[in-house]
Amino acid sequence: MVARRYWRQRLRLTLALATLTLLSACANTTRPGAVGVNRSQFMMISSSEVNRLSAISYNEQNKKAKDKNVLVTSGPMYERLKVIANRLIPHTQEFRDDTRDWDWQLTLIDAPVLNATCAPGGKITFYTGIINQLNLSDDEIAAIMGHEIAHALREHGRERVSQAMAQNLVVNVAMAAAGPYGSAVSVGNQVAHYVFVLPNSRDNESEADAIGLELAARAGYNPMGAVSVWEKMIKANKGKSSPEFLSTHPSGETRIEQLTALMPAVEPLYKVAPKPSTNK
Ligand SMILES: [Zn+2]
């Protein structure tokens, strides 16, 4: 009897795990939008866990910047980014409903770094270096910000952590995160490594390009800004400043071609969108 109960329980557990795996494997984090992004994603960890760990590493980043006196929280450049973020964010609901509950944040760090990120759950970071050295227009900032937000919408970070977990590269993320604050920071940084340090796949980049393009167009920013920003990035890479952005956003030669091919899908959205009055 005991043995039968054991096997019955075991079967129930196996079925539950199989269902969970199926559910995980079939996850698709966003609606396709006008640009038609549609791909099943393999997920082994919950959004809330990844968002929580990413927030810990984001707060650490901001704390370090504040200690070094390079955290910018006011002034023209910060305000400029805030206007663009506030125009882009409402359109994320085109792709998923829950972003209205995200705790969106914006960080500007004064450093000669050619980079920008958006951590899972809507935590945006820009460096003054990328804006100054590439002399970015508002359309181009919107293109970069839209692209980064798109990585968060598609939960590419969660997907990459899941892949690492499947390969046993990250062990017991959830369990370690439940421990003392110090170990949560260390796991947060481990998660950040997969989210920000390792290069994105070509697929993830194409998805972020497409969704970012649509977000910018809907927010009234000229989608052609995405093309000019990549041209600037490629030019900077040939010069003396190698953009950090390119180490995590591999740029194939086909990128500008793909963006150009998507223009007919987003131009009508741009045409009817209210335009920002303060465009630079
Ligand atoms: Zn990217």
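**Exercise 1.** Work out which element supplies the largest share of the lining of the largest pocket, and how many residues that is.

*Solution.* Keep in mind that you're working with a predicted model.

Step 1: start with the elements. Those that each supply at least two lining residues are α2 (47-67), β3 (116-119), β4 (123-127), α8 (181-197) and α11 (245-248).

Step 2: pick the top contributor. That's α2, with 7 residues.

Step 3: put this in context. The lining has 22 residues, and Ser57, Gln61, Tyr127, Ala192 and Phe196 lie nearest the pocket centre.

Step 4: sort by class. You get 9 nonpolar, 9 polar and 4 charged residues. The space inside comes to about 570 Å³.

**Exercise 2.** Now take the second largest pocket and find how its lining residues divide by class.

*Solution.* Step 1: get the volume, which is about 150 Å³.

Step 2: look at the lining. It is made of 13 residues, with Asn51, Asp101, Trp102, Asp103 and Gly121 nearest the centre.

Step 3: do the split. There are 4 nonpolar, 3 polar and 6 charged residues.

Step 4: check the source. Here α2 turns up again, giving the largest share with 3 residues.

**Exercise 3.** Lay out the sheet: what is the strand order, and which strands sit at the edges?

*Solution.* Step 1: trace the order. The sheet is open, has 4 strands and runs β1-β2-β4-β3, with mixed pairing.

Step 2: find the edges. β1 (71-72) and β3 each pair on one side only, which makes them the edge strands.

Step 3: zoom in on one pairing. β1 and β2 (residues 105-109) run antiparallel and are joined by 2 bridges. As one example, Val72 has Leu108 of β2 as its bridge partner.

Step 4: add the helices. α2 packs on the sheet and touches β1, β2, β3 and β4, its direction making about 35° with that of β2. Helix α5 (residues 138-153) also packs on the sheet, touching β3 and β4, at about 30° to the direction of β3.

**Exercise 4.** Explain why the salt bridge between Arg39 and Glu159 ties together parts that are far apart in sequence, 120 residues to be exact.

*Solution.* Step 1: recall the principle. Oppositely charged side chains can pair when their charged atoms come close.

Step 2: check the distance. The side chains of Arg39 and Glu159 meet at 2.6 Å, N to O. The structure holds 16 salt bridges.

Step 3: place both ends. Arg39 is in the loop between α1 (2-25) and α2, while Glu159 belongs to helix α6 (residues 156-166), so the pair links parts 120 residues apart in sequence.

Notes. Residues numbered from 1 in each chain as written. Predicted model: local features only at pLDDT ≥ 70, side-chain atom pairs only at ≥ 80, totals over all residues. Heavy atoms only, no water. 1 Å grid on protein atoms, 1.4 Å probe; cavity = no way out; pocket = protein on both sides within 12 Å on 5 of 7 lines; lining within 4 Å. Points joined across faces, edges and corners; volume = space filled by probe spheres on them. Nonpolar A, V, L, I, M, F, W, Y, C, P; charged D, E, K, R; others polar. Pairing = 2+ DSSP bridges. Contact = heavy atoms within 4.5 Å. Axes fitted to C-alpha atoms, helices over the stretch in contact; angles between N-to-C directions. Salt bridge = Lys/Arg side-chain N within 4 Å of Asp/Glu carboxyl O.
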